[in-house]
Amino acid sequence: EGVITIDPGFKNTGSCESSITFLDGEKGILRYRGYSIEELAEKADFLEVAYLLIFGELPTKEQNDKFHNDIKAQAVVDEDVKKIVDAFPKTAHPMGVISSLTSALTAFNPTSVNVNSEADMYRAIVKIMGKFPVLVAWTYRKKLGLPLDYGDDSLGYVENILKMMFRQPNGNYIQNRILVDALDKLLILHADHEQNCSTSTVRIVGSSHAGLFASLSAGISALWGPLHGGANQAVLEMLEAIKEDGGDTKKYMTKAKDKEDPFRLMGFGHRVYKNFDPRAKIIKKAADEVLGNLGIEDPILDIAKGLEKEALEDPYFVDRKLYPNVDFYSGIIYRGMGIPTDMFTVMFALGRLPGWIAQWREMRLNKEPIGRPRQVYTGAKLRSFVPLENR
Ligand code: CMC
């Protein structure tokens, strides 16, 4: 056997070749299939980006229409799923609910589990692209005690998501272009990020040939953690705690720098970006626009700005190259949209869905072997069993 090198956190280990997302952490570059994130966020819509990530090229008008129509045809969920949604307490964390519901879809769509051809893959992909937003809307509506119903086929993919979430029982729903555009942008910015924790999870679970939905459910669980996607919820909770505590940002800066204190400044730092997070730049601008347009004045925003300014000037953060990441600002926009804090990471999952799908598809098409890392054993040497009465 060869020598095994341990690399905790896989900081210097590549797990695959991939042609989906290019990331240069030093220069702050992020590209999907060769297109810069800045240009996509400005010019593309989320569904086009999903197609691009999954199939490798921007869709023609015809391909885009077909993709959308195939997704719409799948945007229904078995009525029995409502019983599962109903069985969750209203206080359940939405990430636990959505990962369970995604996993439950394997039971209602057993034919989606075995994929032996590209056609099988396509069917599984449009199914989950159609059904996942319904599950997201139902997770949110269950929390608020709203009826579990469907959206509006005549709307765009992202518009329909907002309507499914926010429509009142009497059918009232006010469409707001600013919110639709902001959500489109947020979802695009979250759509892929190469081999991060949740994506690596999707690929490793998928590598055992577990189905797409099971792999995605595992990815959702990985995303939940506060060091990953859960950071967007953690950021808002931190800002609220600072506000409750009298708005003393300096105190929290000191805590974050104290090595004896486990507290970290949520929304700061990144494993790969060591100069700036290009997504954060775009989102910061969007946050200002959305809140400005909606006329929202939020003391939380002032605290966020204060914290950002202090951190960017503080030697601790400067030396360690800790900059605000995508999650520092996304929560502020979601809050402006009226989305509850514990739904933030679910919105992240909604955005990351096409990235996970693209990575799973690439892994299957490349016929990658099952993911199975090795270890260096540090336990006891061989010893003899001692019967219970002699211990
Ligand atoms: N606050 C205070 N100190 C920090 C922070 C922070 N947010 N992040 C890193 N550090 C310090 C850390 O203590 C260490 O210091 P030292 O060298 O003195 O021991 C140094 O910076 C390097 O940190 P690390 O933990 O070795 O870096 P990592 O690459 O393992 O972790 C991270 C990256 C994102 C998990 C981490 O920066 C962090 O916990 N940030 C807060 C949570 C967060 O915002 N996560 C969202 C990431 S972006 C979106 C996503 O991935 O979903």
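Visitor: How many bridges join E2 to E3?
Guide: In this predicted model, E2 and E3 run antiparallel. Both are DSSP runs, numbered from the N terminus (strands: E, at least two residues; helices: H or I, at least four). Strands pair if DSSP finds at least two bridges between them. The number joining E2 to E3 is two.

Visitor: Which residue stands opposite Tyr 32, and which takes a positive phi in the hairpin of E2 and E3?
Guide: The partner of Tyr 32 lies in E3 and is Tyr 35. This hairpin has two residues between the strands. The positive phi, near 50°, belongs to Arg 33.

Visitor: How many bridges join E1 to E2, and which residue stands opposite Leu 23?
Guide: E1 and E2 also run antiparallel, joined by four bridges. Their hairpin has four residues between the strands, and Gly 28 takes a positive phi near 70° there. Across from Leu 23, in E2, stands Leu 30.

Visitor: Which strands are the edge strands of the sheet?
Guide: The sheet is open, with three strands in the order E1-E2-E3 and antiparallel pairing. An edge strand here pairs on one side only. That gives strand E1 (21-24) and strand E3 (35-36).

Visitor: Which residues of E2 form the covered face?
Guide: E2 has two faces. Ile 29 and Arg 31 lie on the uncovered one. The covered face holds Leu 30 and Tyr 32.

Visitor: How far apart are the centres of the two domains?
Guide: Domain 1 is 18-195 + 345-365, and domain 2 is 231-337; the bounds come from an automatic or database domain assignment. Between their C-alpha centres the distance is 27 Å.

Visitor: Which element gives the most to the side of domain 1 that touches domain 2?
Guide: The contact (C-beta atoms, placed from the backbone, within 7 Å) takes 18 residues from domain 1 and 21 from domain 2. Strand E2 (29-32), helix H1 (37-43), helix H8 (177-190) and helix H17 (344-365) each give two or more residues to the domain 1 side. With six residues, the one giving the most is H8.

Visitor: How many residues surround the ligand, and which are the closest?
Guide: The shell counts residues whose C-beta atom, placed from the backbone, lies within 6 Å of the ligand. There are 20. The closest are Ala 231, Arg 264, Gly 269, Arg 271 and Asn 325.

Visitor: Is Asp 302 buried, exposed or partly exposed?
Guide: Asp 302 sits in helix H14 (residues 299-313). Buried takes 20 or more other C-beta atoms within 10 Å, exposed 12 or fewer, and partly exposed lies in between, with C-beta atoms placed from the backbone. Asp 302 has 14, so it is partly exposed.

Visitor: What average pLDDT does the chain have?
Guide: Residues are numbered from 1 along each chain as its sequence is written. In this predicted model local features need pLDDT of at least 70, side-chain atom pairs count only at 80 or more, and totals for chains, interfaces and linings use all residues. On this scale of the predictor's confidence in each residue, from 0 to 100, 100% of the residues score at least 70. The chain average is 94.

Visitor: What ipTM does the predictor give the complex?
Guide: The predictor reports two scores for the complex. The pTM is 0.93, and the ipTM is 0.95.

Definitions and conventions: Two residues are in contact if their C-beta atoms, placed from the backbone, lie within 7 Å.
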